[in-house]
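Hello,

Here is the structure we talked about. Please open it next to this email and follow along.

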Amino acid sequence: MTTLIPAGEVVERALALSQADEAIVLVTDSHDASLRWAGNSMTTNGSSVSRGWSVVSIFRDEAGAARVGTIGSTSVDPAEIEAVVRKSETAARTAEPARDAMPLLDSDVPADDWATAPGSTDIEVFTDLARDLSAGFDGGDRLYGFAHHTVQTIWLGSSTGLRRRFVQPTGSVEINGKRGTGTDLASAWVGVGTADFTDVDVPGLLTELSRRLDWAKRKVELPAGRYETLMPPSTVADLMIYMHWEMEGRGAHEGHTAFSRAGGTRIGERLTDIPLTLHSDPKATGLEYCPFVATSSSSQAVSVFDNGMSADRVDWVREGVIQSLVYPRAAAAEFGTAPTVPGDNLLLTGGSGATLDEMIARTERGLLLTTLWYIREVDPASLLLTGLTRDGVYLVENGEVTAAVNNFRFNESPLDLLRRVTEAGATQVTLPREWKDWFTRTAMPPLRIPDFHMSSVSQAT
């Protein structure tokens, strides 16, 4: 029976075995727990432990070119470490020169917690959640949903002496409520992200779910068109996340993205007079993320040569003006700017502080758009996105929500939404529905868009 050796020891053994000019080793231990319910009954729960690790080998020639090879593994057998190291070296020897080659970062300061056991979780994290949900099961609505908690511990080491470690907890809760049947069926969704489930207000989520289902007692059919639309924080998060994913500096300089313009990028361009700031910050309370680069492969957003580089706060849009794009060190050097690390959280601030209910009360006639899904890119040059509404589009008349309306397909660019926004409310922690499997740490305000484009009617429920 194989004995699981500590992750830090995997790093040290692999580095000691390396015959490359330089090597990087990353190990991630994951502890996961999940809970699922359907039709007002708990259905499944479970927990698991896994390990994934990668060896990055680098060979440099006299001309300064660097060739990189990466091999990943999920094996926990110490006898297989050398084989993975050798495969990585073979891959590096046959690779093309890396475009993003830079000197590796180093450190002579050991990580204080290098030998500490990984963070963990189990189904006990859902104790309070399950108790509060059980109370909801006694109501008249049918509840479905899923809760997930993962704690990942990352160890990063390099042949230049770099040693960094971080524990990343990530959790989320989604609840779907249904009322009625057939043509009278009403469906609504609520969700929240969390690090440890101690801050999840299940009674509050169920109250909001019931309120949305109450709104659907009356139904109205509306045609496609442009409507004044209130976007709650979750829908704003889904669109801002996609925009952030497209904020790659190299692509902008090379004319491939919506952040390109003749002769350069759109940094410095004003989007709105509302002082909105879109930023990422690894130290944001409750939304913390890994404060350094840890990657086994390069892309336009991150580089293996930047492993260990600190991730600091970055303002992507500052007080309405595009401020920063994503630049690994090599791209930053090429284009004469500072390196920036893509964020694993996203916060939009600078609104009036108004609640969504206060914004509803000031609406003569419009739509309340509660969730988005199936978002896809239509045109990268304008960042035009399409997608569907789901589980709750409501009609607002004379300051009150008066009915549920049919679903739509929409066509909108998050860049254009920021240009056209007429009101932003109070920022609050929220869960994006479409992207929550990849990105959960967000805080957004509700937004008022005067002419949101519902391009066609959808039969989705």
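**One residue to start**

E248 is found in the loop between α5 and α6 (249–253). Keep in mind that this is a predicted model. Is E248 buried, partly exposed or exposed? Its relative accessibility is 23%, so E248 counts as partly exposed, because the range for that class runs from 20% to 50%. Leaving aside residues up to four places away in sequence, E248 touches Q300, A301 and V326. Now find A331. In sequence, E248 and A331 are 83 residues apart. In space, their C-alpha atoms are 9.8 Å apart.

**The sheet under α5**

Go back to helix α5. It lies across β11, β12, β14 (346–349), β22 and β23 (442–444). Its direction makes about 115° with that of β23. Those strands belong to an open sheet of six, in the order β13-β12-β11-β14-β23-β22. The pairing is mixed. Which strands form the edges? They are β13 (321–322) and β22 (428–430), and each pairs on one side only.

Look inside this sheet at β11 (residues 277–280) and β12 (residues 314–318). They pair in the antiparallel sense, over three bridges. One residue pair to find is H279 and its bridge partner in β12, D315.

**The antiparallel sheet**

There is also an open six-stranded sheet with antiparallel pairing. Its order is β3-β2-β1-β4-β5-β6. Here the edge strands are β3 (66–73) and β6 (186–194), each pairing on one side only. On average, neighbouring strands of this sheet are turned by 15° against each other, direction ignored.

Follow β5 (residues 163–179) along β6. Nine bridges join the two, and they run antiparallel. E174 stands opposite G191 in β6.

Two helices go with this sheet. Helix α1 (residues 7–17) lies across β1 (22–38), β2 (41–60), β4 (142–158) and β5. It runs at about 150° to β1. Helix α2 (residues 81–93) packs on the sheet and touches β2 and β3. The direction of α2 makes about 55° with that of β2.

**A hairpin**

Next, find β16 (residues 372–379) and β17 (residues 384–389). These strands run antiparallel and are joined by five bridges. E377 stands opposite L385 in β17. Together, β16 and β17 form a hairpin with four residues between them. In the turn, L383 has a positive phi of about 60°.

**The nonpolar cores**

The largest nonpolar core holds 55 residues. Which of them touch the most other members? The answer is L278 and L367. Helix α5 gives the most to this core, with seven residues. Another core, of 34 residues, lies apart from it. Its members include W37, F197, L205 and Y394.

Zoom in on L367. Not counting residues up to four places away in sequence, its contacts include L222, Y227, V393, F408 and M454. Y394 is one of its contacts too.

**The largest pocket**

Last, the empty space. The largest pocket has a volume of about 1,100 Å³. How many residues line it? There are 38, and Q152, A294, D344, W438 and R441 lie nearest its centre. You will meet some elements again here: β1, β4, β5 and α5 each supply at least two residues of the lining.

Best wishes

Notes: Residues numbered from 1 in each chain as written. Predicted model: local features only at pLDDT ≥ 70, side-chain atom pairs only at ≥ 80, totals over all residues. Heavy atoms only, no water. Core = buried A, V, L, I, M, F, W, Y, C linked by side-chain atoms within 4.5 Å. Buried < 20%, exposed > 50% of the residue type's maximum accessible area, 1.4 Å probe, protein only. Contact = heavy atoms within 4.5 Å. Pairing = 2+ DSSP bridges. Axes fitted to C-alpha atoms, helices over the stretch in contact; angles between N-to-C directions. 1 Å grid on protein atoms, 1.4 Å probe; cavity = no way out; pocket = protein on both sides within 12 Å on 5 of 7 lines; lining within 4 Å. Points joined across faces, edges and corners; volume = space filled by probe spheres on them.
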